[in-house]
Protein chains: 2
Amino acid sequence: MSTELGERNRSILEAIIEEHIATAEPVGSRTVAKRHKLGLSPATIRNVMADLEEFGFLQSPHTSAGRVPTEKGYRFYVDSLLQVRKLNSAERKQLESRYQLRGRKVEEVLRDVSKTLSSISHYTGLVMAPRLETTVFRHIEFVPLSEGRVLVVFVTRSGLVQNKIIETRVPVSRRELEQISNYLNRTLAGLSIQQVKEKIFAEMQEEKARYDRLMSRTLELSREALKENLGGEVFIEGTSNILDQPEFANVETMRGLFRAFEQKSTLIDLLNRSQQADGVQIFIGSEPGITGIQGCSLITCHYASKRGTIGALGVIGPSRMNYSSVIPVVDYTARLLSQVLDGDLD
Amino acid sequence: MSTELGERNRSILEAIIEEHIATAEPVGSRTVAKRHKLGLSPATIRNVMADLEEFGFLQSPHTSAGRVPTEKGYRFYVDSLLQVRKLNSAERKQLESRYQLRGRKVEEVLRDVSKTLSSISHYTGLVMAPRLETTVFRHIEFVPLSEGRVLVVFVTRSGLVQNKIIETRVPVSRRELEQISNYLNRTLAGLSIQQVKEKIFAEMQEEKARYDRLMSRTLELSREALKENLGGEVFIEGTSNILDQPEFANVETMRGLFRAFEQKSTLIDLLNRSQQADGVQIFIGSEPGITGIQGCSLITCHYASKRGTIGALGVIGPSRMNYSSVIPVVDYTARLLSQVLDGDLD
DNA sequence: CGCTGGCACTCGAAGCCTGAGAGTGCTAAC
DNA sequence: GTTAGCACTCTCAGGCTTCGAGTGCCAGCG
């Protein structure tokens with residue numbers, strides 16, 4: 001029943017929501033009648049609005065103030081009414097031009113992506129670091145730092161670089177490290193990290209590791225090196241864009257939001273969830289299980305190599321957000337980043 | 001003349017400023033008389049306050065609202081009245097305990113320092129990345145990534161690790177890279193980066209570089225590698241602490257501040273300036289040449305190795321800030337970080 | 001002569017009222 | 001089913017009043 005809206009009601013709802021998105025003000029019947037020439041009088045529209053309010057798609061802040069979409073209203077809008085604009089080729093070019101990635105560090109690239117998202121959308125950009133699982137391994141190197149500490153450098157097939165410091169239980173000599181990396185590079189290049197892990201695990205099972213000291217070192221080291229890396233780190237850029245949105249003129253709301261930005265855990269949670277599903281996902285305000293972003297919506301998309309999900313990115317802004325222009329940007333950005341990580345883009 | 005304040009006037013000014021710092025409200029004569037038992041009646045204090053207002057240390061928001069310190073008032077307070085509390089040993093221990101640094105990446109450490117500053121002060125922490133000039137070099141390593149790209153890994157004497165990617169004009173073979181790093185490590189270990197640069201420059205002047213291909217590669221590569229690294233990057237943490245300060249209840253003010261945080265250039269400018277001077281420095285509101293942090297004060301201190309200035313850190317908060325407790329924290333943190341970079345702390 | 005109590009004065013904040021304007025809901029007519 | 005008309009409601013802005021905090025000044029006191 002609740003989705004049983006007639007064609008006319010739907011288009012009035014759409015008009016109201018779009019009007020509200022454009023103006024941030026409650027929308028009255030007069031305005032709808034005038035600006036969206038539906039050939040109906042304000043009175044008729046009032047009737048429809050009353051119905052829509054009963055359905056729970058609209059609400060009035062007070063008796064004489066026009067209507068504002070509810071979260072349910074936005075939900076219906078994005079699910080059933082919204083026409084997502086495709087990017088034209090100029091816009092796609094513009095996005096693509098920002099990704100000159102070869103030989104850059106993963107962090108830099110992700111921060112950049114986040115900045116790009118925020119500056120194009122005028123909201124706030126989020127990028128969650130990939131678990132590298134499905135990235136394709138090209139090269140690994142170990143640099144001895146001090147007793148028991150080794151810097152591991154990965155290069156992915158697409159030329160992205162990531163490095164981290166690991167601790168080894170016993171000191172490993174420079175010579176051993178060289179042998180180890182030679183071995184790994186010979187046997188593992190071209191596999192995804194996931195496959196590498198499996199292979200290592202398999203070899204650890206085999207007897208020979210027990211007797212071959214070098215081999216056991218190799219396995220220990222690479223297991224350590226492949227443990228979760230940037231896992232779950234989130235890059236947030238453009239937070240101050242949010243300050244321009246009239247709905248956050250109230251300090252209390254803003255405080256909550258900035259807390260969320262700084263703590264990141266809510267965002268990580270949402271981004272993680274978006275990895276489960278396919279394509280662009282939209283979280284609205286305080287829908288079930290979402291807290292801490294009242295009045296906001298989050299548009300996310302996972303990015304992934306051909307072999308599986310690895311991370312998520314998105315844009316957060318007020319619920320009264322320009323969905324139709326942000327969605328394709330998020331979508332296309334995720335595609336680009338996927339390709340980059342796959343190494344297909346060079 | 002303007003500094004010719006009698007002892008009594010000074011202590012009344014001090015009382016007023018401290019009262020204002022504690023309450024964030026304009027301070028009236030009654031309050032001062034009551035809470036700071038100076039043995040004077042409100043009427044007398046009123047007279048003094050009128051004088052202080054004439055001097056420009058105080059101002060009244062309006063006729064019947066008590067007085068508020070001006071920037072000049074704060075300036076006089078921090079320069080002449082403020083008693084800086086020393087940290088007790090427990091507090092020093094607490095700070096020290098946060099610096100377990102060996103083998104960590106420079107960025108991580110700096111971000112941590114910034115977080116610590118913000119969480120202890122309850123304001124916002126800033127740390128500007130060091131120019132590595134005066135850090136003592138222990139070890140350098142080159143990892144070939146792809147044609148013409150090399151990852152450089154530095155280790156400082158204190159065990160901090162930093163790495164960056166550089167481009168070489170011509171491809172350099174793995175073997176050459178090894179020779180180059182061997183050479184550098186042999187000849188340069190224990191020198192400061194500044195000295196290393198000088199040495200390299202000197203060698204470039206010498207004739208032999210022209211004829212020795214390997215040598216010229218070495219020099220080119222190390223020059224590239226030693227170019228400004230994190231130079232000028234600023235780590236800002238705890239921005240949302242600012243939101244709790246009542247003076248930023250007004251959105252307009254806050255917006256300006258967050259813009260400044262996101263753009264960073266004002267902050268970089270101030271932090272740079274603080275490197276010129278010795279010890280803790282305090283920038284107040286919109287004193288000459290300072291823009292973009294109206295209503296805020298910045299407490300900074302450079303940190304340095306034994307050989308010279310290399311970076312700066314600090315805390316930014318409202319002008320009505322608890323100077324006496326933040327100053328020693330900034331000061332001691334800078335000392336700690338200096339020691340760490342010198343490598344004296346392990 | 002410096003300090004103090006007293007007192008008139010000022011000014012903002014809060015509360016109240018009012019009028020204007022926007023928007024609704026209902027009803028009766030087309 | 002749609003519309004015009006109309007009474008009704010509610011917010012917002014402005015003006016007015018009251019209240020209280022705090023001042024500035026003055027006269028008197030030690």
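A salt bridge is a side-chain nitrogen of Lys or Arg within 4 Å of a carboxyl oxygen of Asp or Glu. This predicted model holds 25 of them over all chains.

**View 1. The protein surface around DNA strand D.** Twenty residues surround DNA strand D. The closest are R8(A), T44(A), T63(A), S64(A) and S29(B). By type, the surface near the strand divides into 4 nonpolar, 12 polar and 4 charged residues. Of the strand atoms within 4 Å of the protein, 71% belong to sugar or phosphate, and the rest to bases.

**View 2. Polar contacts to DNA strand D.** A polar side-chain atom of S29(B) lies 2.6 Å from a phosphate oxygen of the strand. S41(A) places a polar backbone atom 3.1 Å from a phosphate oxygen. T63(A) has a side-chain N or O atom 3.4 Å from a sugar or linking oxygen. Two elements give two or more residues to the surface near DNA strand D: α3 (42-55) of chain A and α3 (42-55) of chain B. α3(A) gives the most, with 4 residues.

**View 3. A salt bridge between chains A and B.** R174(B) and E141(A) meet through their side chains, 2.9 Å from N to O. The pair runs from helix α7 (residues 174-188) of chain B to strand β4 (residues 137-146) of chain A. R174(B) is partly exposed, at 37% relative accessibility. E141(A) is buried, at 10%.

**View 4. A salt bridge within helix α12 of chain B.** D269(B) and R273(B) form a salt bridge of 3.7 Å, N to O. Both lie in helix α12 (residues 265-276), 4 residues apart, about one turn of the helix. D269(B) is partly exposed at 38% relative accessibility, and R273(B) is partly exposed at 30%.

Terms used
Residues numbered from 1 in each chain as written. Chains lettered and ligands numbered in written order. Predicted model: local features only at pLDDT ≥ 70, side-chain atom pairs only at ≥ 80, totals over all residues. Heavy atoms only, no water. Near = heavy atom within 4 Å. Polar contact = N/O pair within 3.5 Å; in protein donor to acceptor, adjacent residues only side chain to side chain. Nonpolar A, V, L, I, M, F, W, Y, C, P; charged D, E, K, R; others polar. Buried < 20%, exposed > 50% of the residue type's maximum accessible area, 1.4 Å probe, protein only.
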